[in-house]
Amino acid sequence: MAGNFWLSSHFQQWLFDRQDLIRERQEDYQVLTEEEYQKVMIFFANVMQAIGEPLKMKQQVIATATIYFKRFYIRNSLSSVDPLLMAPTCLFLASKVDEFGVQSNNRFIEVCRNVVKTKFGYAFQQEFQYRMPNIFECEFYLLEMMDCCLIVFHPYRPLVQFCQELGTSLDKKDQHQQDLILQTAWKTINDTLRTDICLLYPPYLVALACMQVACIILGKDFKQWFAELSVDIDKCVEVVKLILNLYDMWKTFDEKKEIPALLAKIPKPKSSPR
C-alpha cells in the first residue's frame, strides 16, 4: 500500500497505549474480564475469516476488516451494535476499500447465513437475521465512527522487505531459510489479528516480532542480524511476548464451550446503529 505510515491517520489516530485500551473498554469490562473480552475478539475474528474465505477474499481484505472491527469497539461497547452485524459490515467495507470485488449482495448475505449456521451455530440461538439494508446502515455508522480513516497499513509489506534484507546476508545454500521464515512469519501476522497488537504497535515492529517468532519456531538463530537493526528491540520483545501469550491462551481456550456463555453476558443492543 502506497503512502507514508508516519503521516497517516493509522499512525496519528489509531495507535494507542495499553492504558488507553483499558480506559475505553471500561463498559465492557463491567461484564467481561480482560481475558474474556480477548476471547470474544478472537471469536469474531474467526467469524470474519470464515465468511471471507468462501467469498475468496484476499487475506489483506480480511485483515483490514478485522482492524476496522477492533477500531469500532475501542470507541463503542460490544452492547452498542451487535458484533454479528458489525463483523460482516467490516468485511463489506474492507472489500471496497481494498478494491476487491465482492459477489452480489445476495451472495454476500447467503454466505453469512450459511457460515453462521454451519460453523458457529453453537454460539447463536437464532440464524443470521440481517439483510443488506442492515449492512448499509451499519456501514455508515462505522464510517462515521472511524471519521473515514480507512487506510490501514499492514505488516505484510515490511515483512517481505525484511526477509529480502535477511536473504542478502545468507549464503546461497541457506537461501531456502528465507522462504521458510517468510511463510511462518506471514502466518504469525495473521495470528496477531486475534490480539491488540495491531492497535498498539506500528506494522514494521509487528513484522520484525513475527520474524523473531518464526525463528523460534524454526529453530533458527539470527540474533546478530536483529541486533544490527536500528529498531527498539525492547518494543519488539513486547510484541513477541504478546504473540506467545496468545498461543498459551489458545492451548486452553475451548471456543465451543466458552463463547456461548461469554456472548450471553453482553447486553443486547437496544436499537439499530443509528
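Domain bounds here come from an automatic or database domain assignment. The structure is a predicted model, in which local features need pLDDT (the predictor's confidence in each residue, from 0 to 100) of at least 70 and side-chain atom pairs count only at pLDDT 80 or more, while totals for chains, interfaces and linings use all residues. Residues are numbered from 1 along each chain as its sequence is written, and side-chain values use heavy atoms, with hydrogens and water left out.

**Exercise 1. Establish the confidence of the model and where it is lowest and highest along the chain.**

Solution. Begin with the chain as a whole, which averages a pLDDT of 89, with 94% of the residues scoring at least 70. Then turn to the helices (DSSP runs of H or I, at least four residues, numbered from the N terminus): confidence is lowest in helix H13 (residues 223-227), with a mean of 77, and highest in helix H4 (residues 34-52), at 96.

**Exercise 2. Describe the interface of domain 1 and domain 2.**

Solution. First, locate the parts: domain 1 covers 9-151 and domain 2 covers 155-252, and their centres, taken over C-alpha atoms, are 26 Å apart. Second, count contacts (heavy atoms within 4.5 Å), which join 22 residues of domain 1 to 15 residues of domain 2. Third, take the buried area (the accessible area, with a 1.4 Å probe, that two parts lose on being put together, summed over both); this is about 1700 Å², and carbon and sulfur atoms give 62% of it. On the side of domain 1, Arg18, Ile42 and Lys70 lose the most area to domain 2, together 29% of what that side buries.

**Exercise 3. Find the salt bridges between the domains and in the whole structure.**

Solution. Apply the rule that a side-chain nitrogen of Lys or Arg lies within 4 Å of a carboxyl oxygen of Asp or Glu. Between domain 1 and domain 2 the count is one salt bridge, whereas a search of the whole structure finds ten. Among the ten, Asp196 and Arg25 meet through their side chains at 2.9 Å, N to O. Another joins Arg23 to Asp20, with the closest N and O atoms 2.7 Å apart; both residues lie in helix H2, three residues apart, about one turn of the helix.

Note on methods. Helices (H or I, at least four residues) and strands (E, at least two) are DSSP runs, numbered from the N terminus.
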